[in-house]
Amino acid sequence: MTPSAPAISPPDARTSSGSCLLLDVRTPAEFEEMHIDGAVLHPITSLNPAAVRELMAGKSGCIVVCRSGGRARKAAESLAAAGLEQLKVLEGGMLAWKAAGLAVVEGRKTISLERQVRICAGALVFVGSALAYFVNPMWVALPAFIGAGLTFAGITDTCGMGMVLARMPWNTRGSSCCSSKSSCSVS
């Protein structure tokens, strides 16, 4: 079991941001909507510890950022398991950063990955229930499967549907950002 990376508050992260790598592990669409100036995008779906190690060269550490902290914790655990050190997780993620009144770079609005999962799961449950009622009772398996998946996601803090949706074209556009640049723009 890898030790979990300590959390860092948004004000402390802002103070450390000059000497630390700010590693944003959200989707390119989420990054485009809002990110911390100077953050480097490296989506968790394509996390490469060797590339992150290169990005950390000459830095005192790495602060991992996501929307609310969950994906950042998972990414930090994965990076720690690969031998990277001096990792911290932005406590509360971008939501807490913005709530603290800290500066962000804002772009085009998108639907967050969390909302996409809720929309997709709700639609599948609705369609499966309607098909079970009007077409064939066997369709009840679809909402049952979605319910089981959501229960599993809640217990394990992993979401298969979220991982699939994160790889969809609208969430991966312009994801050529995993470079050694100090900041990254998404086209």
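Here are some notes on this predicted model, covering its confidence, its strand pairing and its two largest pockets.

1. **How far to trust it.** Since you will be looking at a predicted model, a word on confidence may help. The protein has an average pLDDT of 89, and 90% of the residues reach at least 70. The stretch to treat separately is residues 175-187, where pLDDT stays under 50. The model nevertheless gives that stretch 31 contacts beyond four places in sequence.

2. **Strand E6 and its partners.** A good place to begin is strand E6, residues 87-90, which pairs in the parallel sense with strand E1, residues 7-8, over two bridges. E6 also runs parallel to strand E5, residues 61-65, and three bridges join E5 and E6.

3. **One residue to click on.** If you would like a single landmark in E6, try Val89. Ala7 has Val89 as its bridge partner, and Val64 stands opposite Val89 too. From E5 the chain passes through helix H4, residues 70-81, on its way to E6, making a right-handed β-α-β crossover.

4. **The largest pocket.** This pocket has a volume of about 780 Å³. It is lined by 32 residues, and those closest to its centre are Arg71, Leu113, Cys159, Gly162 and Met163. Sorted by class, the lining holds 13 nonpolar, 10 polar and nine charged residues.

5. **Which helices build that lining?** At least two residues each come from H2 (28-33), H4, H6 (113-134), H7 (141-156), H8 (160-166) and H9 (169-172). H6 gives the largest share, with four residues. H4 is worth a second look here, as this helix of the E5-to-E6 crossover is also among the contributors to the lining of the largest pocket.

6. **The second largest pocket.** Here the volume is about 230 Å³. Of its 13 lining residues, Glu33, Met34, Arg67, Leu95 and Ser112 lie closest to the centre. Two elements, H2 and helix H5 (93-99), supply two or more residues to this lining, and the largest share, three residues, is from H5. By class, you will find eight charged residues in the lining, along with three nonpolar and two polar ones.

7. **A link between the pockets.** Which helix should you display when viewing both pockets? H2 is a handy choice: it supplies at least two residues to the lining of the largest pocket, and two or more to that of the second largest.

How values were computed:
Residues are numbered from 1 along each chain as its sequence is written. This is a predicted model: local features need pLDDT of at least 70, side-chain atom pairs count only at pLDDT 80 or more; totals for chains, interfaces and linings use all residues. Side-chain values use heavy atoms; hydrogens and water are left out. Two strands pair if DSSP finds at least two bridges between them. A crossover is right-handed if, with the strands pointing away from the viewer, the path from the first strand over the helix to the second runs clockwise. On a 1 Å grid over the protein atoms alone, a cavity is a set of points where a 1.4 Å probe fits but cannot get out, and a pocket is an open set with protein on both sides within 12 Å along at least five of seven lines; lining residues have an atom within 4 Å of a point. Grid points are joined across faces, edges and corners, and a volume is the space filled by probe spheres set on the points. Ala, Val, Leu, Ile, Met, Phe, Trp, Tyr, Cys and Pro count as nonpolar, Asp, Glu, Lys and Arg as charged, and the others, Gly among them, as polar. pLDDT is the predictor's confidence in each residue, from 0 to 100. Contact means heavy atoms within 4.5 Å.
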